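Take a look at the chain shown here. This report starts with its overall build, then turns to its core, its salt bridges and its surface.

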Amino acid sequence: MEEAAIRLGPVMPWLDLLGIAVFAASGALAAARRQQTLVTFAFFALVTGTGGGTVRDLLIGAPVFWVHDGRIPLVCLVMCGLIWLTPQRWWKGRALDWFDAVGLAAYAVYGAAKALAFGIPPLPAAMMGVMTACLGGIIRDVLAGEPSILLRPELYVTAAALAAGLFVGMSLSGVATPVAAGIAAFAGFALRAVAIRKGLGLPVYRG
């Protein structure tokens with residue numbers, strides 16, 4: 001575990017915290033849209049912030065991250081409190097989608113990096129990045145009774161796959177981890193941003 005932490009370097013844990021924070025905020029926003037209680041806000045924030053990473057850690061044989069790091073639930077609860085205390089008008093429109101886009105990009109890169117650090121081969125490592133980025137939002141939507149983000153027309157999983165795959169590819173090519181992480185996260189966020197703005201999506205099955 002110590003060797004894995006060394007391979008991740010000093011930058012990646014901060015990217016992890018960023019992804020957790022914005023995903024937790026998106027969970028709290030989902031509760032806000034339904035005018036739920038503070039307890040529901042907190043539950044949504046925790047589940048959305050930690051859901052994808054929990055499944056990733058179980059699959060790659062890593063200790064479940066938030067169980068061993070008290071900062072993680074604290075970050076989720078702080079974001080929950082911020083959403084609870086701020087005026088509703090700040091979060092109208094597509095605020096949830098933009099929070100989710102930032103978390104998607106950051107978490108896809110971190111998930112892939114952690115999988116690589118634990119000795120997972122490149123393709124499964126990229127898939128772990130996608131899973132890390134997407135599962136929290138899927139769980140949030142299911143709990144909120146919304147159509148899953150997977151069923152919406154704009155690119156979503158594709159943006160996570162771009163970020164995770166680009167990071168893995170650059171890492172294997174010898175690009176420094178902070179540089180690879182920054183480029184990959186920006187690319188994933190940019191693709192998701194265009195999808196949100198323009199309604200960009202993949203062709204659908206037509207029989």
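## Overall build

Buried residues account for 50% of the 207 residues in the chain. Keep in mind that this is a predicted model. The chain has eight helices and zero strands. Read from the N terminus, its elements run α-α-α-α-α-α-α-α.

How does the radius of gyration agree with that of a compact globule? For 207 residues, such a globule would have a radius near 17 Å. The chain has 16 Å, which agrees. Along the principal axes, the C-alpha trace spans about 45 × 45 × 30 Å.

Contacts tell us about the fold too. Take the contacts between residues at least 6 apart in sequence: 75% of them join residues at least 24 apart. The accessible surface of the chain comes to about 10,000 Å². Carbon and sulfur atoms hold 71% of that surface.

## The nonpolar core

In soluble globular proteins, nonpolar side chains tend to be buried together. Here the largest nonpolar core has 61 residues. Which of them touch the most other members? They are Leu104, Val109 and Phe167.

Seven names appear on the list of elements that give two or more residues to this core: helix H2 (12-33), H3, helix H4 (71-85), H5, H6, helix H7 (157-172) and helix H8 (177-198). H2 gives the most, with 14 residues.

Look at phenylalanine 167 in detail. Leave aside its neighbours within four places in sequence. Phenylalanine 167 is then in contact with Val109, Ala112, Ala113, Leu116, Thr177, Ala180, Ala181 and Ala184.

## Salt bridges

The count of salt bridges comes to seven. Three of them are set out below.

| Salt bridge | Closest N to O distance |
|---|---|
| Aspartate 57 and arginine 56 | 2.9 Å |
| Aspartate 57 and lysine 114 | 3.1 Å |
| Arginine 140 and aspartate 100 | 2.9 Å |

Start with aspartate 57. Its side chain meets that of arginine 56 in a salt bridge. Is aspartate 57 buried or exposed? Its relative accessibility is 0%, so aspartate 57 counts as buried. Arginine 56 is buried as well, with a relative accessible area of 0%.

Aspartate 57 also forms a salt bridge with lysine 114. Aspartate 57 lies in helix H3 (residues 38-60), while lysine 114 lies in helix H5 (residues 95-117), so the pair ties together parts that are 57 residues apart in sequence. Both aspartate 57 and lysine 114 are buried.

Now turn to arginine 140 and aspartate 100. Their closest N and O atoms are 2.9 Å apart. Arginine 140 sits in helix H6 (residues 122-144) and aspartate 100 in helix H5, so this pair ties together parts that are 40 residues apart in sequence. Arginine 140 has 1% relative accessibility, so arginine 140 counts as buried. Aspartate 100 is buried too, at a relative accessible area of 2%.

Some salt bridges share partners. Through such sharing, Arg33, Arg34 and Glu146 are joined into one network.

## Surface and loops

Which residues form a nonpolar patch on the surface? Leu38, Trp84 and Leu85 do, with about 340 Å² of accessible area together. Leucine 38 has its place in helix H3. Its relative accessible area is 40%, so leucine 38 is partly exposed.

Next come two loop residues. Glutamine 35 is found in the loop between H2 and H3. Glutamine 35 has a positive phi of about 50°, although it is not a glycine. Why does glutamine 35 count as exposed? Its relative accessibility is 69%, and exposed means over 50%.

Alanine 176 is found in the loop between H7 and H8. With a relative accessible area of 43%, alanine 176 is partly exposed. Compare its position with that of glycine 165. The two residues are eleven residues apart along the chain. Their C-alpha atoms are separated by 15 Å.

How values were computed. Residues numbered from 1 in each chain as written. Predicted model: local features only at pLDDT ≥ 70, side-chain atom pairs only at ≥ 80, totals over all residues. Heavy atoms only, no water. Salt bridge = Lys/Arg side-chain N within 4 Å of Asp/Glu carboxyl O. Buried < 20%, exposed > 50% of the residue type's maximum accessible area, 1.4 Å probe, protein only. Helix = DSSP H or I, 4+ residues; strand = E, 2+ residues; numbered from the N terminus. Patch = residues over 30% accessible without salt bridge, like charges linked within 9 Å, V, L, I, M, F, W, Y side chains within 5 Å. Areas by Shrake-Rupley, 256 points an atom, 1.4 Å probe, with all protein chains shown as cover. Rg over C-alpha atoms; globule rule 2.2 N^0.38 Å. Contact = heavy atoms within 4.5 Å. Core = buried A, V, L, I, M, F, W, Y, C linked by side-chain atoms within 4.5 Å.
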